[in-house]
Amino acid sequence: MRFPIHLLAAVGLVASAASAAPDAAKPKAPKATAELLAKGRAAFETTCTTCHGTSGDGKGPAGMYLTPPPRHFGVDPFKQGDSIDAIFSTLQSGVPGTAMVSFAHLPEDERWALAWYVSHFLSTKDGKKAKKLVDALPPLTVQGTLPPGPPTSTPPATPATPATPATP
Ligand code: HEC
């Protein structure tokens, strides 16, 4: 018996459509760039360091008092997975029952930037790639303008020297 070829083709199409569907729904990690890591660093500094500390050691001013405490990113194994995708999904869902809340409210590109930045603390393949980019970034500078200091007293203007009358 010959198999109807068009039927096989149709089955193949359905199968490939089905396997493509989950990929289409799942956002894909962007490539690491200096720009992305600069963005990740800025977001980490403002949003994560209170608990995780600037160096990712979990010793931020609030991190020290938490149970469970945030782990040392560079030393302790990750419970939720340490790939870029895994870190992204930790940011999406948070870690229930801990101080690690969901950061799903942050824009998606910022969460990818954060995932890459977190990974730079790790010695995984992606982590090393990220660290190279982070190390090459210009140092962080204080943003914004400083508050005005105390008013500085300006020395009194020197009185204009009276014009000496021209001697005839
Ligand atoms: C209020 C404190 C707090 C803040 C703010 C916070 N975290 Fe966390 N985070 C924690 C704690 C506590 C844990 C550990 C949870 C556990 O024990 O599983 C954690 C866990 C994590 C993990 C999972 C590590 C693993 O074991 O898989 C990642 C990744 C992470 N945080 C990234 C971030 C990023 C990025 C930010 C900033 C957007 C952030 N966190 C902000 C407290 C915080």
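So, by class, how many nonpolar, polar and charged residues does the shell around the ligand have? I'll answer that one straight away: 17 are nonpolar, 6 are polar and 2 are charged.

Before I go on, a word of caution. What you're looking at is a predicted model. The mean pLDDT of the chain is 84, and 76% of its residues reach 70 or more. The stretch to be wary of is residues 7–22, where pLDDT stays under 50. For that stretch the model has 1 contact beyond four places in sequence, so please don't ask me about it.

Okay, the overall layout. We've got 6 helices and 0 strands, and if you read along the sequence you get α-α-α-α-α-α. The chain has 168 residues, and buried ones make up 20% of them. Now take the contacts with a separation of 6 or more: 54% of those are between residues 24 or more positions apart.

Back to the ligand, then. There are 25 residues around it, and the ones that come nearest are C48, C51, F78, Q80 and M100. As for which elements give two or more residues to that shell, they're α2, α3, α4 and α5. In case you're hunting for α3 on the screen, it covers 49–52.

Next up, the largest nonpolar core. It has 21 residues, and the members touching the most others are L37, L114, A115, W116, Y117 and V118. The helices giving two or more residues here are α2, at 34–47, α4, at 84–93, α5, at 108–119, and α6, at 125–135. The largest share, 7 residues, comes from α5.

Let me zoom in on L114 for a second. If you leave aside its neighbours within four places in sequence, L114 is in contact with G40, A43, F44 and L91.

Last stop, α6. Which residues of α6 are buried? They're G127, A130 and L133. Down the helix axis, the buried residues of α6 fall within an arc of 125 degrees, so they line one face. If you want the textbook reminder, an α-helix has 3.6 residues a turn, so residues three or four places apart point the same way. Flip over to the other side of α6 and you find K125, K128 and D135, which are exposed. And what covers the buried residues of α6? Among other things, α2 and α5.

That's my lot. Happy to spin the model around if anyone wants another look.

Methods:
Residues numbered from 1 in each chain as written. Predicted model: local features only at pLDDT ≥ 70, side-chain atom pairs only at ≥ 80, totals over all residues. Core = buried A, V, L, I, M, F, W, Y, C linked by C-beta atoms within 7 Å. Buried ≥ 20, exposed ≤ 12 C-beta atoms within 10 Å, placed from the backbone. Helix = DSSP H or I, 4+ residues; strand = E, 2+ residues; numbered from the N terminus. Contact = placed C-beta atoms within 7 Å. Near = placed C-beta within 6 Å. Nonpolar A, V, L, I, M, F, W, Y, C, P; charged D, E, K, R; others polar. pLDDT = per-residue confidence, 0-100. Arc of directions from axis to C-beta.
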